Amino acid sequence: MRAKTKRSIPKLGLPTVFVLCFLFFLAGFFGSTLLSQDVPNVRPGMKMLEIEQEEQNGLMPHGETGEASLHSIPFQVLSWQPRALFFPNFATAEQCQNIIEIAKLRLKPSTLALRKGETAESTKGTRTSSGTFISAYEDKSGTLDFIEEKIARVTMIPKTHGEMCKKMLLVSRSSDKGWGGIRAFNVLRYEIGQKYDSHYDAFNPAEYGPQKSQRMASFLLYLSDVEEGGETMFPFENGSKITWSYDYKKCIGLKVKPRRGDGLLFYSLFPNGTIDRTSLHGSCPVIRGQKWVATKWIRDQEQED
Ligand SMILES: O=C(O)CCC(=O)C(=O)O
């Protein structure tokens, strides 16, 4: 019988034990950190596949907030002074009618922002349309939400810059009912003879006092055709006719004829934030028919919802 040989276990010194403990601690710490990280909800293989498909279609891999497909929204540059773009068929006839149906139940005489020293009486006759404010929340058809998104995409200005109507009854949000401020379109109806004299959408602080934010651009969506008249006009187009003696009631300059579904975007501010004097605009009187238009004013600062 072979005698059992006793295998000696090597004795570890204190420093070795200490180093081993430290290594185990590090492995445990980094291992748990890696495992607890958020798992992306797209499988890496899938993401690679998407990117390959995009590249095959001539598309770029897009960022988190980008889009996976190309869109074509036709536009025409109407003018550089003011910067004005025209978007034919921006909305469908049905979408325009949806907006009119909501607006026509609650029209009121349109009002004006008053300059220092002006009163409702002294400005009477400047803006003779009827109008109302409608927010996307109120529109069950989803049309205004869709249009708001589309405007944000063509301007690349987030919809949170859309002007708020300060006092609206928030009826469509189940959680918060009551009066409050909410982003809204101003929907206008002009009947025969009604008009809006030339004005700026931006508020010159020298005339209106200090402004927290400024209207930088306006998007007009024409909801109806007009048989005659009712054009949106820019009397100082190209800067050539800017004079202090200009008659603000005259319907001259660049004129855009309303056509159901078409959009018009113009900028009231230069890139440096100052007011573009050629953005003066108004609505010529309607001569035959009726004009419906939805205006979205876009501010240079995010508006709080
Ligand atoms: O009705 C138009 O064509 C112009 C409307 C407008 O100037 C405005 O809403 O500020």
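## Ground rules

Two strands pair when DSSP finds at least two bridges between them. Helices (H or I, at least four residues) and strands (E, at least two) are DSSP runs, numbered from the N terminus. What you're looking at is a predicted model, where local features need pLDDT of at least 70, side-chain atom pairs count only at pLDDT 80 or more, and totals for chains, interfaces and linings use all residues. Residues are numbered from 1 along each chain as its sequence is written.

## The whole chain

Let's start with the big picture: the chain has 5 helices and 16 strands. It holds 305 residues, and 30% of them count as buried (20 or more other C-beta atoms within 10 Å of their own; exposed is 12 or fewer, partly exposed is in between, and C-beta atoms are placed from the backbone).

How do distant parts of the sequence meet? Take the contacts (C-beta atoms, placed from the backbone, within 7 Å) between residues at least 6 apart in sequence: 75% of them join residues at least 24 apart.

## The eight-stranded sheet

Eight strands make an open sheet with antiparallel pairing, and their order across the sheet is 1-2-13-9-16-7-4-3. Strand 1 (76-80) and strand 3 (108-109) sit at the edges with a single partner strand each, so one side of each has no neighbour in the sheet.

Now walk in from the strand 1 edge. Strand 1 is hardly covered: of its 5 residues, the count of buried ones is 0. A hairpin leads from strand 1 to strand 2 through 2 residues, and the two strands pair in the antiparallel sense over 4 bridges. You can find two of the residue pairs in the model: Gln76 has Phe86 of strand 2 as its bridge partner, while Trp80 has Arg83.

Strand 2 also connects to strand 13, again running antiparallel, with 4 bridges between them. There, Phe87 stands opposite Gly263 of strand 13. Further along, strand 9 (residues 215-222) and strand 16 (residues 291-299) run antiparallel and are joined by 7 bridges. One place to look is Phe219, whose bridge partner in strand 16 is Lys296.

## Two helices across the sheet

Helix 3 (residues 93-103) lies across strand 4 (130-134), strand 7 (185-190) and strand 16, and it runs at about 105° to strand 4 (axes are lines fitted to C-alpha atoms, for helices over the stretch in contact; angles run from 0 to 180 degrees between N-to-C directions). Helix 4 (residues 143-155) lies across strand 2 (83-87), strand 4, strand 7, strand 9, strand 13 (263-267) and strand 16, running at about 130° to strand 9.

Which residues of helix 3 are buried? They are Gln95, Cys96, Asn98, Ile99 and Ala103. These residues cover an arc (of the directions from the helix axis to the C-beta atoms) of only 155°, which puts them on the same side of helix 3. Their cover includes strand 4, helix 4, strand 7 and strand 16. Look at the other side of helix 3 and you'll find Ala93, Glu94 and Glu101 exposed.

## The four-stranded sheet

There's another open sheet, with 4 strands in the order 8-14-11-12 and antiparallel pairing. Strand 8 (196-199) and strand 12 (254-256) stand at its edges, each with a single partner strand, so one side of each is left without a neighbour in the sheet. Neighbouring strands of this sheet are turned by 15° against each other on average, if you ignore direction.

Inside this sheet, strand 11 (residues 232-234) pairs with strand 14 over 2 bridges, in the antiparallel sense. Met233 has Gly282 of strand 14 as its bridge partner.

## Around the ligand

Who surrounds the ligand? The residues near it (C-beta atom, placed from the backbone, within 6 Å) are Asn186, Leu188, Tyr196, Asp201, Leu220, Thr232, His281, Ser283, Val293 and Thr295. Strand 7, strand 14 (281-283) and strand 16 each give at least two residues to this shell.

## A glycine in a loop

Finally, find Gly125 in the loop between strand 3 and strand 4. Is Gly125 buried or exposed? Gly125 is exposed, because just 9 other C-beta atoms lie within 10 Å. Along the chain, Gly125 and Lys195 are 70 residues apart, yet their C-alpha atoms are separated by 8.6 Å.
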